[in-house]
Amino acid sequence: QVHLVESGGGLVQAGGSLRLSCAASGRGSGGNAMGWYRQAPGKQRELVARISSGGSTNYADSVQGRFTISRDNAKNTVYLNMNSLKPEDTAVYYCNLERVVNVEGATRVFWGQGTQVTVSS
């Protein structure tokens with residue numbers, strides 16, 4: 001089973017920076033696409049950034065140019081560097097992993113417990 005543990009959340013002022021980390025462990029946790037999602041109060045969970053096993057990335061329009069997702073395959077860890085933070089970035093941030101389970105490409109999705117990011121004005 002795959003386990004994901006996030007860290008790095010906290011309280012920052014607008015314009016500040018924060019770095020989130022997500023460590024994956026367990027069987028099948030390596031060589032998978034991983035991403036960061038967030039959920040603000042009263043809103044639906046949304047994709048923030050995603051990185052493939054090969055390192056290609058994509059971002060939500062709202063964070064493009066401010067956030068950077070990266071991974072360290074040796075450590076089986078994905079990072080989210082957040083710069084120029086805005087109050088609207090306030091949310092619980094969740095780490096996600098997509099594990100391919102068969103040759104047809106079906107995936108099993110795993111989630112971390114979430115870490116709170118609060119950006120004050």
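This report walks through a four-stranded sheet, a hairpin and one buried arginine in a predicted model.

**The open sheet**

Let's start with the strands. Four of them, in the order E1-E3-E8-E7, make up an open sheet with antiparallel pairing. Strand E1 (3-7) and E7 sit at the edges, each pairing on one side only. From one strand to the next, the twist averages 15°. Within this sheet, Cys22 stands opposite Val78 in E8.

**Two strand pairs side by side**

The table sets out the E3 and E8 pair next to the E9 and E10 pair.

| Pair | Residues | Bridges | Direction |
|---|---|---|---|
| E3 and E8 | 18-25 and 77-82 | 6 bridges | antiparallel |
| E9 and E10 | 91-100 and 107-111 | 5 bridges | antiparallel |

E9 and E10 form a hairpin with 6 residues between the strands, and there Gly105 takes a positive phi near 95°. Asn96 has Trp111 in E10 as its bridge partner.

**A buried arginine**

Now to a loop worth a look in your viewer: Arg66 lies between strand E6 (57-59) and strand E7 (67-72). Is Arg66 buried or exposed? Its relative accessibility is 10%, so Arg66 counts as buried, the cut-off being under 20%.

What does the side chain of Arg66 meet there? One polar atom of the Arg66 side chain lies 3.0 Å from the backbone oxygen of Ser84. The side chains of Arg66 and Asp89 are joined by a polar contact of 2.8 Å. Leaving aside neighbours within four places in sequence, Arg66 is also in contact with residues including Asn81, Met82, Asn83, Leu85 and Lys86.

Terms used. Residues are numbered from 1 along each chain as its sequence is written. This is a predicted model: local features need pLDDT of at least 70, side-chain atom pairs count only at pLDDT 80 or more; totals for chains, interfaces and linings use all residues. Side-chain values use heavy atoms; hydrogens and water are left out. Helices (H or I, at least four residues) and strands (E, at least two) are DSSP runs, numbered from the N terminus. Buried means under 20% relative accessible area, exposed over 50%, partly exposed in between (1.4 Å probe, protein chains only). A polar contact is a pair of N or O atoms within 3.5 Å; within protein, one must be able to donate a hydrogen and the other to accept it, and residues adjacent in sequence count only if both atoms are side-chain atoms. Contact means heavy atoms within 4.5 Å. Two strands pair if DSSP finds at least two bridges between them. Axes are lines fitted to C-alpha atoms, for helices over the stretch in contact, and angles run from 0 to 180 degrees between N-to-C directions.
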